2 protein chains.
Amino acid sequence: MAKVLTSRSESYSQWYNDLVLKADLAENSAVRGCMVIKPYGYAIWEKMQAVLDRMFKDTGHVNAYFPLFIPKSFLSKEADHVEGFAKECAVVTHYRLMNSPDGKGVVVDPQAKLEEELIVRPTSETIIWNTYKGWIQSYRDLPILCNQWANVVRWEMRTRLFLRTAEFLWQEGHTAHATQAEAMTEAMTMLKVYAKFAEEYLAVPVVQGVKTANERFAGAVETYTIEALMQDGKALQSGTSHFLGQNFAKAFDVTFTNQEGKIDHVWATSWGVSTRLMGALIMAHSDDNGLVLPPKLAPIQVVIVPIYKSMEELDKISVVAKELVAKLKAKGYDVKFDDNDKKKPGWKFAEYELKGVPVRLAIGPRDLENGTVEVARRDTLTKEVMQLDGIDERIVSLLDDIQTNIYQKALDFRAASTTKVDSYEEFQKVLDEKGGFVLAHWDGTSETEQRIKDETKATIRCIPLDNEQEAGVCMVTGQPSTQRVVFARAY
Amino acid sequence: MAKVLTSRSESYSQWYNDLVLKADLAENSAVRGCMVIKPYGYAIWEKMQAVLDRMFKDTGHVNAYFPLFIPKSFLSKEADHVEGFAKECAVVTHYRLMNSPDGKGVVVDPQAKLEEELIVRPTSETIIWNTYKGWIQSYRDLPILCNQWANVVRWEMRTRLFLRTAEFLWQEGHTAHATQAEAMTEAMTMLKVYAKFAEEYLAVPVVQGVKTANERFAGAVETYTIEALMQDGKALQSGTSHFLGQNFAKAFDVTFTNQEGKIDHVWATSWGVSTRLMGALIMAHSDDNGLVLPPKLAPIQVVIVPIYKSMEELDKISVVAKELVAKLKAKGYDVKFDDNDKKKPGWKFAEYELKGVPVRLAIGPRDLENGTVEVARRDTLTKEVMQLDGIDERIVSLLDDIQTNIYQKALDFRAASTTKVDSYEEFQKVLDEKGGFVLAHWDGTSETEQRIKDETKATIRCIPLDNEQEAGVCMVTGQPSTQRVVFARAY
Ligand SMILES: [Zn+2]
Ligand SMILES: [Zn+2]
């Protein structure tokens, strides 16, 4: 079979682009930086959404929907927020088109200029806190635990499908609390939800930690993050949870009467994951043959391909296959019996391999005679002939095995790609030759962090939660340090 | 208890506004015409989405996602489309803000002007057909059966929560077919899906029909519609399905090689329902006490309110209540046990009545002694004491009864509000005095239809499918007619 993908060793970045296109996940659109998420890609995103939405609801959250547009003046109400966010964004200035005077198409109606420009939301803290002001009078109105599933726009100059696009889909949780302690607990709870989702569903191990001031969300007091490692040794920030203190409550003057009858500003968090997770999913596990999907998020978990010469053979195979489909569907699995007569089995094998279907079954006439079925695993690319009798139970446990194996493989890769270094020279060498997470001492200053970034393109991904304390000296300045932090080049 | 809502007889329109706000469904935002959908309202929308999404998938559709923005030039590619759609819309002209020279806030960076303006999608036919061009070469690539859940923006001057807002949420299906017949079947299939959803879930009877040329979607060959009747005698268009012919394929030059090896343009449909359905749901059933929700879409289907004086009593009631909650949840129902100690039972009764919870149970100490429970129906406002033993089964059948009863009530109302008239004088009289659907003969011309609209504010809602054929004369012009059409004043 002809290779459809550039290999990872040839060009990891081209391999990624090829894979996203060939596996029908997404493509670029006519609008610069905006992607089309194709049905197969969207089906994965829908599975992610369903799991996350359940996890949010199980932790007491509800969904709501807030406006797409933000009045321009809102963005400058929180000083740090405007610095970090407001600049590269889509600005709506007019609300009407008119027929062009030359009769060719339409032009913007200059009469229909908005008094105040509207910004397409890059994130919704401002419009939401402006709304919460009307919802909160007393501690009895708290907490508010809202999430929204939405599209957001950040005008990126260099875009890559899923990883960095002008428009992307995400969820953004925005919570309001009566006390600092409660808001901090919430921010941590949601970080744990994201970490659990990444590890148990995406099968991607993550480091949980806190961002340095340089890497903090604009307007946050603390930003917590989960950081994943991709196969090329670069880090991918996969989800963030922010403790916002009273910053947005102060900016939008949201106060409440507490249990002692005193007026105080409300405490806030926000947290989000986006279609960027698709990028993490794709890059963490896939190989030169195509996608490798964790069974828990695969749109098709099991595919059955009939091998036949005559329609009689197909009919007989179909009876067995459809019975198995019914059994697996009844157990809640997504199974496809591909009896498309226009495609050959070889084509189908390659197609489902490219699309990362975890388990592929092939059933031919000899299998019917012998009561067997050929079972192929996508993760290991191994095949085995199994007894048809009881195959549904074996598939269920095989899917579990695959989920576990993919995770373990990623975990082993991360362990092998994490290096402790004690000198700046060694640091640069590891970054260039091996990549991955580099654990090093740092003096805690923004200046040193910035210098390292300028010189090596590596950033501090996070200071891990419950980080091991260890006396040392900053690899750059020699100043004392009490712990190593996680450096990496990142997406 | 103080009335929280204006009564319907006093002002139907004020009643609606009051209800949307007081039942915590939605509110206006700081952005003109854009609403905030509050958690309780959004929970209803989520239930609608889940049902519809299942129905779409069961009819072979998949979800995808297309860009929020449409290049301005795309809108003028289909001539009728631009006339009907492109004018009142949000126009993005710039992609960056900068600090204001006077140091106060941010201003639009004049350097960051887009070469071509982007329109926030008012509907996505153009961007989607531009995308489909790349997906379709041969009949083997057809049909394409995509749906997207998205936000859209139409700059409305006069807005009303859910019924007409600048930004709203909807789904839009866009399908591509090899033959005219297949596309027409698809348009009809989706109309039937919408009608089934309206009648079986919203509990709102609808007339299915075809729109006249005047009322057709801009760019469609035929527009099919479901039309519902509200309690004030006005019609609400609740969903539309369009047969688009080859209009968009021609505008975007989307051709394919058919089975005979010849090149042809692709056939298209599109279909959508929106958060407007929330308006239909609210207006069709609710009363002066608040919402009346059909059980199949109620976020809380059953609420249990404990009546107690001491904590010991509450503890005993809780044991019984929680057992019942578990039983009903296991059957898939959404049940809430409201043991909030800060609110009195009377307050809770009023609150759940306002919010339209279909079944309310009250359990007090005497009920525990007698093995009983008080069961209140929201739709009839009746109460009954029932045996606690086997109550879960009775609640299940009660919820079915309520769903059926609400639908039957709406159906009876519609029957009583549908009038056949044979003169224009009678027509105007019925419209002014009774409202509702008015069935009359019409000469089939756009001119007469427009005149009627100008003079009476009534439009032809549709020509019903399988309409009874009957010789008659147009009530306005006296020209011959073969059937009555459905007129009404509409939202
Ligand atoms: Zn304040
Ligand atoms: Zn053409």
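In this predicted model, the buried residues of helix α8 of chain A (buried being under 20% relative accessible area, exposed over 50% and partly exposed in between, with a 1.4 Å probe and protein chains only) are A:R276, A:L277, A:M278, A:G279, A:A280, A:L281, A:I282, A:M283, A:A284 and A:H285. That amounts to ten of the ten residues of the helix, which spans 276–285. Helices here are DSSP runs of H or I with at least four residues, strands are runs of E with at least two, and both are numbered from the N terminus. The cover over these residues includes α1 (12–22), α2 (39–58), α6 (180–202), β12 (235–245), β15 (267–274) and α12 (391–416) of chain A.

Turning to the partner chain, 64 residues from chain B and 64 residues from chain A take part in the contact (heavy atoms within 4.5 Å). About 5200 Å² is buried between the two chains, with carbon and sulfur atoms giving 67% of it; this area is the accessible area (1.4 Å probe) that two parts lose on being put together, summed over both. On the chain B side, B:Y65, B:Y95 and B:L97 lose the most area to chain A, together 13% of what that side buries. Four salt bridges (a side-chain nitrogen of Lys or Arg within 4 Å of a carboxyl oxygen of Asp or Glu) are counted between the chains. One salt bridge pairs the side chains of B:E46 and A:K57, at 2.9 Å from N to O. Strand β5 (residues 88–99) of chain B supplies twelve residues, the largest share of the chain B side that touches chain A.

The zinc ion (ligand 1) has as protein donors A:D253, through OD, and A:H265, through NE2, lying 2.1 Å from it. Donors are N, O and S atoms within 2.8 Å of the metal (3.2 Å for Na, K and Ca); water is not among the atoms, so sites may look incomplete. A:D253 sits in the loop between α7 (247–251) and β13 (255–257), and A:H265 in strand β14 (residues 263–265), twelve residues apart. Both donors are partly exposed, A:D253 with a relative accessible area of 45% and A:H265 with 21%.

A cis peptide bond joins A:L142 and A:P143, with omega about -5 degrees.

Residues are numbered from 1 along each chain as its sequence is written, while chains are lettered from A and ligands numbered from 1 in the order in which they are written. Local features need pLDDT of at least 70 and side-chain atom pairs count only at pLDDT 80 or more, whereas totals for chains, interfaces and linings use all residues, and side-chain values use heavy atoms, with hydrogens and water left out.
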